Structure formats: C-alpha cells, structure tokens
Amino acid sequence: MAKSKLTFICQACGAVYTRWQGKCESCGEWNTIVEENASGGIGGGPQRGSRRKGRPSALLPLSGEIEEAPRIVSGIDELDRATGGGIVRGSAILIGGDPGIGKSTLLMQAAAALARRGNSVVYVSGEEAVAQVRLRAQRLQAADTDVMLMAETNVEDILATLAEAKRPDLLIIDSIQTLWSDFAESAPGTVTQVRAGVQALVKYAKSSGSAVILVGHVTKDGQIAGPRVVEHMVDAVLYFEGEGGHHFRILRTVKNRFGPTDEIGVFEMGGEGLREVANPSELFLGERNAKSPGAAVFAGMEGTRPVLVEIQALVAPSALGTPRRAVVGWDQPRLAMVLAVLDAHCGVRLGQHDVYLNVAGGFRISEPAADLAVAAALVSSLSGAPLPSDCVYFGEVSLSGAVRPVAHAAQRLKEAEKLGFSRSVLPDSTADLPKSPGMRVEAVEALPDLVAKVAAGGAIPGSGEEA
Ligand code: TYD
Ligand code: MG
C-alpha cells in the first residue's frame, strides 16, 4: 500500500490545499475544504510504485475515416434535443441539479422510454431502496417496462454485477455522491471517492460501449462533492434547473463532445412526472398582464429554438442610501451596465431608485440580446407607461448607447408573429429580415431612440426632476 498522505480538498471545485482554511481561494466558497486521504483512486493504490516501461502507441494522420457516433434515441424530444440528437453509445453523461429538482424522475422516464424502444437499461440507485424506486416507477407508469434495478453503491460491485449480465445499452447511476470505491480511502461523497467512482464508470462506458448517465447533486454547503469536480471527465454535462415554486424544469447542456451546447429541453413537473413542453413561449407568456407598466416581451433564442419571455421591471424611489438592485433570471452586472447607459446617454437617472428585475416563469436568460427589452421594461416602469402589448424587443446595447444587431433575427420574428405579436423593436442594422405584412418592424439605432419611443406612450421623468 502506498504511503497515505493527508490533504485538504475543496468539495465544490476540487482545489487541493496542504492545510485547512475557511475559504477556498480557487472558487471563493466558504467552509468547503475537507480533510481527505488522497491516496488511491483507480489505477493508484496498490499498483503505485511498481513502475512500468512505456509502450509505444500509433501516430495517426488527421484525415481518415470518421464514423458517425451511434446514438440511442429516447423518443422524449426535449431530452433528445438537449443531448444533441440522442445519447451516444459508449459516452458518459453527467446530469447535475439541485436535490429534489426531478433528476431521478427524468431518468426513470427516460429509462422507461428507452426500454420500450427495445434498449436494455440498468438503473442503479444508491440513494433509494428498490421499493422506493418501484413506487416512483409505478407513479410514472414505467413499472411495466424491462428496466433492471440495482440498489448498490460500491463501484467494484456494480461493475462485477454488470460483467455477469448482458451488456446494457444504458446504465444510469443515481447518484455519484453515494458511490464509493475500494481503492479510495476517503468517506463516500468526498472528492476523492466521487472521482474514483466516476473514473471507473467512464472507463466502463468506453470499454463496453454502454452509455452511462451519472446523476450529481449540486451541493451548497460543501459537505459532499458537487458535480463540478467531475465535469472534465465526462463527454457531456447537462444541468437540470428550475425555480422553486415553478413547475418548469429546464435541461440545459453546458458541455457536449457530440453536439451543440446551447440547446435546452423544457419540461413541466406534474402529478405523473415530467411532461414535455414543446412550445415554451406559450408557457412563459401564459399569465401575462399586458396592461401593467414595466413588462416587456423579449424574443430570445435558446440554441436553435426561439423562446419568448416576459421581462418585468419595477423601479421605485429608494428609501435607502444605496438603492437596491435585485435580479432574478438575468445577469446582475449586465443590469448595472444597462442602467449606466440609460443614465449616461439617455438622461434616465435611476441613482435614487430601487430596481427589481425579474424574468417571468423562472426562466434564466443568458443572451446579451435581452438588453433592449430590459431597457424598455425599466423605462416603462419608471414612466408608468405600459408598453404596447403586441410588441417584442431584442437587441444588444453597447456602452456607447448604440444598439447592436444580434443573430437569428428572422427566427425571433417568426416565433413572435406565430404567437400573435405584430410589432417589434430591434437594432437598426439587422440583416436577414423577412418581409411580413403581419409584423411591423421599428428599428432603433441607439438607446435614446428607444427611450423616446417608450416616452411617446407616456411622460418620462427625465434629468433628475420628478413629477
Ligand atoms: P426527484 O426526481 O426525486 O428529484 P431528484 O432526484 O432530483 O432529487 O423528484 C423530487 C420531486 O419531484 C419531489 O418533490 C416530488 C416531485 N414529483 C412530482 O411532482 N411528480 C412526480 O410524478 C414525481 C415522481 C415527483
Ligand atoms: Mg434522486
């Protein structure tokens, strides 16, 4: 046995320290550094020390035969879309998310769908007993499928069991935090154990050709290692997200060696599990009150799909010395930038106002194209003038106050028209615009033009003097 050495590892990002400290300098999290015995890991441990001479490998040219990655398609469109057209055989996929968000539900439904299409699926549950998994399967109407269950947490035992049986098309591990390997000495859930377990399973995926889906809980308190510490080891990383209190769940791809990374799958959690949402815009705009000021509809893109969402702003005089800026579903620095541009170039002063910004429906926007819609919502809230209810906004605002074009204008407009919108405010230099009689296009060159447009529907208290 190799000499064991104590190290301190951040459970959130995996940074290694020689002594304990309260804050991780690498990721900035507090109280996430835990003492671990770092010896071992697959390939380490007993073999370590016995040096092997290197074996020459083949050098290959860049050009040559390419095989299309064979995929298993679940038939759940939103899942297939997020994985880039199906799960690639022999690949390892990590699905991360907050506890209770619905990862086990999603994977049980996926397992059942794949089994119905004739694929063999093994579901390894380390968190729940077989009876619990069966109960959920019953609720999801998946109990009649040939999915095989295993309640096991030891990696070597899992692999030994699989070696006995027929090689499955898909292996689901729920979750990586319960895995432990004989070769690593730390407690289950620590970075060393999670990495050792995932490494062994990724190796199994490559050598057997089975696809492996690994579930990882996002952790806040650092007691157990989060999915981030194994992101680099797997072929694809998807996060399952949603806001508490909302039924929408979004499966977001953040890394994919076999497909695009900006795709999302949208689901709705109901009494019988997750339901696919084929048209998310209808859902996000569902409960809209078009008459209230401060609401603007943003025509966004998520991957290849246009998504319309409502952006809500509330601007109110502040009672505090430092006014509040609260953002849900968008970027805080980005809001600060839009506020600064409104102040510097448009004379819209919000220095004495609290600003609240919310993206409706628990959706999260990552595009800068939302700048224009945010600015419109802010000005509308400040002036008390509602925006036209049949109008969508998109465009990026630069620090000079210019409104810059964004990609996929045609697709955004088409989706807006489909949902009954008939007006759009967009950057002046937008190319590839479709001519449609049902959609009136108002181009703005700079942010002051937008402010003037919004003000035309109501007075704007500008330049510091308030009514
Ligand atoms: P679960 O899949 O166990 O979450 P995770 O594996 O990510 O921890 O889902 C847990 C939540 O989903 C739980 O609060 C109950 C809810 N749920 C439904 O609303 N409907 C359903 O059909 C199922 C199975 C779960
Ligand atoms: Mg679970």
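1. Two strands are taken to pair if DSSP finds at least two bridges between them. On that basis, β7 pairs with strand β9, residues 170-174, in the parallel sense, and the pairing extends over 5 bridges. Within this pairing, Tyr123 has Ile172 of β9 as its bridge partner. The coordinates discussed throughout this note belong to a predicted model, and the remarks that follow should be read with that in mind.

2. Strand β7 also has strand β8, residues 148-150, as a neighbour: the two run parallel and are joined by 3 bridges. Here the residue of interest is Val122, which stands opposite Met148 in β8. Taken together, β7 is therefore bridged in the parallel sense both to β9, over 5 bridges, and to β8, over 3 bridges.

3. How many of the residues of strand β7 are buried? The count is 5 of the 5 residues in 121-125, and so the strand is largely enclosed by the rest of the structure; the cut-off behind the word is a relative accessible area under 20%. The burial concerns both faces of β7, since Val121, Tyr123 and Ser125 are buried on one side, while Val122 and Val124 are buried on the other.

4. Turning to the ligand, the surroundings of ligand 1 consist of 17 residues, of which Gly100, Ser104, Thr105, Gly270 and Gly273 come nearest. By class, this shell is made up of 8 polar, 5 charged and 4 nonpolar residues. In terms of secondary structure, at least two shell residues are supplied by each of α2 (103-116), α3 (130-139) and β13 (264-270), with α2 giving the largest share, namely 3 residues.

5. Several polar atom pairs between protein and ligand can be listed individually. An oxygen atom of ligand 1 lies 2.7 Å from a backbone N or O atom of Gly100, and a backbone N or O atom of Gly271 is found 3.2 Å from an oxygen atom of the ligand. A side chain takes part as well, in that an N or O atom of the Arg139 side chain is 3.1 Å from a nitrogen atom of ligand 1. As for enclosure, ligand 1 on its own has 560 Å² of accessible area, and the protein covers 74% of that area.

6. A separate set of strands deserves a comment. Strands β15, residues 295-302, and β16, residues 305-317, pair in the antiparallel sense over 8 bridges, and they form a hairpin with 2 residues between them. In the turn, Gly303 has a positive phi of about 65°, and the bridge partner of Met301 in β16 is Pro306. On the other hand, β16 also pairs with strand β18, residues 353-359, again in the antiparallel sense and over 7 bridges; in this pairing Leu314 has Tyr356 of β18 as its bridge partner.

7. Is Trp30 buried or exposed? Trp30, which is placed in the loop between β2 (16-17) and β3 (33-37), counts as exposed because its relative accessibility is 58%, the threshold for that class being over 50%. Trp30 and Leu320 are separated by 290 residues in sequence, and their C-alpha atoms are 29 Å apart in space.

8. Finally, on annotation, UniProt lists residues 68-218 under "domain: RecA family profile", in an unreviewed entry. In the model, this span is 38% helix and 20% strand, and its end C-alpha atoms lie 33 Å apart.

Key. Residues are numbered from 1 along each chain as its sequence is written. Chains are lettered from A and ligands numbered from 1 in the order in which they are written. This is a predicted model: local features need pLDDT of at least 70, side-chain atom pairs count only at pLDDT 80 or more; totals for chains, interfaces and linings use all residues. Side-chain values use heavy atoms; hydrogens and water are left out. UniProt positions are given in the numbering used here, feature names are shortened, and annotations may be inferred rather than shown by experiment. Helices (H or I, at least four residues) and strands (E, at least two) are DSSP runs, numbered from the N terminus. A residue is near a molecule or strand if one of its heavy atoms lies within 4 Å of it. A polar contact is a pair of N or O atoms within 3.5 Å; within protein, one must be able to donate a hydrogen and the other to accept it, and residues adjacent in sequence count only if both atoms are side-chain atoms. Accessible areas come from the Shrake-Rupley method with a 1.4 Å probe; for residues, only the protein chains shown count as cover. Ala, Val, Leu, Ile, Met, Phe, Trp, Tyr, Cys and Pro count as nonpolar, Asp, Glu, Lys and Arg as charged, and the others, Gly among them, as polar. Buried means under 20% relative accessible area, exposed over 50%, partly exposed in between (1.4 Å probe, protein chains only).
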